[in-house]
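This briefing describes a single protein model, topic by topic. Please consult the sequence and the structure alongside the text.

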Amino acid sequence: MRSTRTTKRQDDDIHVRGAVDIVKGLEKKRQRRKEKFYQKYCNKARRGQIPERKTQPGRGAERMKEIGLLMAGKKDPGNYVLSI
């Protein structure tokens, strides 16, 4: 009878990973991957293997301004409807 109780206590001492432990482990794994990627990126940039990224010139802001003025009725009066 005594031996069964001791085995139960040993079973209770074993730690079972819960949801919180798994999430914490995944967060650590994600952080390690980010740090490794950033380190590789910095090394490549330092060696000059990665060109600088510059934004491409375009008419995005100008076009949005034109559309806004058109919809407000400031540019060409008309019946326009914005569709979503």
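In which helix is the place of Lys 24? Lys 24 lies in helix α2, which covers residues 19-47. The model is a predicted one, and its secondary structure amounts to three helices and zero strands.

**Overall architecture**
- Read from the N terminus on, the elements follow the order α-α-α.
- With three helices, the protein has zero strands in its secondary structure.

**Helix α2 and the residue after it**
- Helix α2 consists of 29 residues.
- From its first C-alpha to its last, α2 reaches 42 Å, close to the 42 Å expected at 1.5 Å a residue.
- Gly 48, just after α2, adopts a positive phi of about 90 degrees.

**Helix α3 and the residue after it**
- Helix α3 is formed by residues 60-72, 13 residues in total.
- The distance from the first C-alpha of α3 to its last is 18 Å, close to the 18 Å expected at 1.5 Å a residue.
- Just after α3, Gly 73 has a positive phi of about 85 degrees.

**Charged surface**
- Lys 24, whose place is in α2, belongs to a positive surface patch.
- The other residues that form this patch are Lys 28, Lys 29, Arg 32 and Arg 33.

**Burial and exposed area**
- Of the 84 residues in the protein, 0% are buried, where buried means under 20% relative accessible area.
- The protein exposes about 9100 Å².
- Carbon and sulfur atoms supply 53% of that exposed area.

Notes:
Residues are numbered from 1 along each chain as its sequence is written. This is a predicted model: local features need pLDDT of at least 70, side-chain atom pairs count only at pLDDT 80 or more; totals for chains, interfaces and linings use all residues. Side-chain values use heavy atoms; hydrogens and water are left out. Patches are made of residues with over 30% relative accessible area and no salt bridge: like charges are joined within 9 Å, nonpolar side chains (Val, Leu, Ile, Met, Phe, Trp, Tyr) within 5 Å. Accessible areas come from the Shrake-Rupley method with a 1.4 Å probe; for residues, only the protein chains shown count as cover. A salt bridge is a side-chain nitrogen of Lys or Arg within 4 Å of a carboxyl oxygen of Asp or Glu. Lys and Arg count as positive and Asp and Glu as negative; His and the chain ends are not counted. The place of a charge is taken as NZ of Lys, CZ of Arg, CG of Asp or CD of Glu. Helices (H or I, at least four residues) and strands (E, at least two) are DSSP runs, numbered from the N terminus. The expected span of a helix is 1.5 Å times one less than its number of residues. Buried means under 20% relative accessible area, exposed over 50%, partly exposed in between (1.4 Å probe, protein chains only).
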